[in-house]
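Dear colleague,

I am handing over the structure below, and after it you will find notes on what turned up when I went through it. Please read them with the structure open beside you.

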Amino acid sequence: MTETIPADSRVWLRRQRPLAEPRVRLVCFPHAGGTPMSYRGWQDRLPADVEFSAVCYPGRQNRVNERPIDRMEPLADHVCRILVTLADRPLALFGHGMGAVVAYEVAVRLAGQHRISPAALLVSAYAAPHLCADDARRIPIGDRQLAEQAAAANPMLLRFPELMDLAMIALRADHDLLHAYRPASTPPVTAPIVGYRGTDDPRVSHGEMRAWSHVAGSGFELRTFPGDHFYPVDAEEALVADITERLAGVEDTDGALREDSPAASSRHA
């Protein structure tokens with residue numbers, strides 16, 4: 001039985017270079033207020049047998065006219081529904097900032113609902129999910145602080161006020177999502193987890209990143225790079241090289257899939 005690919009998969013998932021026979025698929029989740037453009041340089045740095053995609057949340061880029069999603073459950077559910085159709089090859093998930101916990105929630109759903117274990121979960125610059133219930137993380141953030149965050153991620157917004165206005169709508173919704181995120185449980189994922197942090201990141205501590213080890217069922221490692229919260233901008237080459245090294249051991253196999261999964265059925269049909 002083959003599962004039908006959702007009609008809006010191309011809207012949700014930007015596959016920069018779809019491959020007929022990739023060894024592994026790397027899917028990236030943007031930070032709060034972010035877009036797939038944050039990862040625009042990654043494809044050229046990855047091996048030719050790695051298919052690269054980036055998730056596009058509603059309310060930004062070509063989805064600017066859509067209402068942003070401000071709750072984790074529908075966001076993770078929808079992305080999971082799309083990734084199930086691409087699990088004929090091993091999946092590696094990378095998330096920066098908010099994208100880290102979205103990637104985690106998608107990994108939990110893939111395993112719990114579809115018995116599909118990602119090959120790797122790569123999380124950057126956000127505290128482990130069980131720490132997200134800390135009330136200190138729910139202090140409201142004012143528009144000025146949000147605008148500063150948006151400009152730090154994309155300095156071009158300072159030159160185009162109309163783009164800043166659009167970015168602020170998505171950023172507010174994303175922060176509402178993070179403030180409301182209270183995972184009922186935080187089950188471990190079977191995939192190995194690698195955490196990434198900028199050495200001077202004021203938003204997440206070394207200990208908060210190490211806490212991801214509590215949900216790592218197959219080992220955890222923390223890597224650091226020079227820089228602040230948006231260290232991937234300046235350390236892109238080194239970061240992608242490190243991720244490439246993690247993906248080098250992922251074999252072209254269905255081993256992580258249950259044999260009766262929709263994706264596995266599609267591959268062997």
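The expected span of a helix is taken as 1.5 Å times one less than its number of residues. Please keep in mind that this is a predicted model. For helix 2, which covers residues 72–83, the 12 residues should therefore span 16 Å, and the end C-alpha atoms are indeed 16 Å apart, which agrees. Along helix 2, the buried residues include M72, L75, A76 and H78, and also V79, C80, I82 and L83.

Strand 3, residues 50–55, has six of its six residues buried, so it is largely enclosed by the rest of the structure. In a regular strand the side chains alternate between the two faces of the sheet. Here V50, F52 and A54 point one way, while E51, S53 and V55 point the other way. Strand 3 pairs with strand 1 (residues 13–15) in the antiparallel sense over three bridges, where R14 has A54 as its bridge partner. With strand 2 (residues 24–29), strand 3 runs parallel and is joined by five bridges, and R25 is partnered there by E51.

Turning to the interior, the largest nonpolar core has 50 residues, and F29, L83, L93, V106, I193 and W212 are those with the most contacts inside it. Helix 3 gives the largest share of this core, 10 residues. L83, from helix 2, touches residues including L13, V27, F29, L93 and V106, leaving aside those up to four places away in sequence. A second, separate core of 23 residues includes Y39, L46, A54 and A92.

With best regards

Note on methods
Residues numbered from 1 in each chain as written. Predicted model: local features only at pLDDT ≥ 70, side-chain atom pairs only at ≥ 80, totals over all residues. Heavy atoms only, no water. Helix = DSSP H or I, 4+ residues; strand = E, 2+ residues; numbered from the N terminus. Buried < 20%, exposed > 50% of the residue type's maximum accessible area, 1.4 Å probe, protein only. Pairing = 2+ DSSP bridges. Core = buried A, V, L, I, M, F, W, Y, C linked by side-chain atoms within 4.5 Å. Contact = heavy atoms within 4.5 Å.
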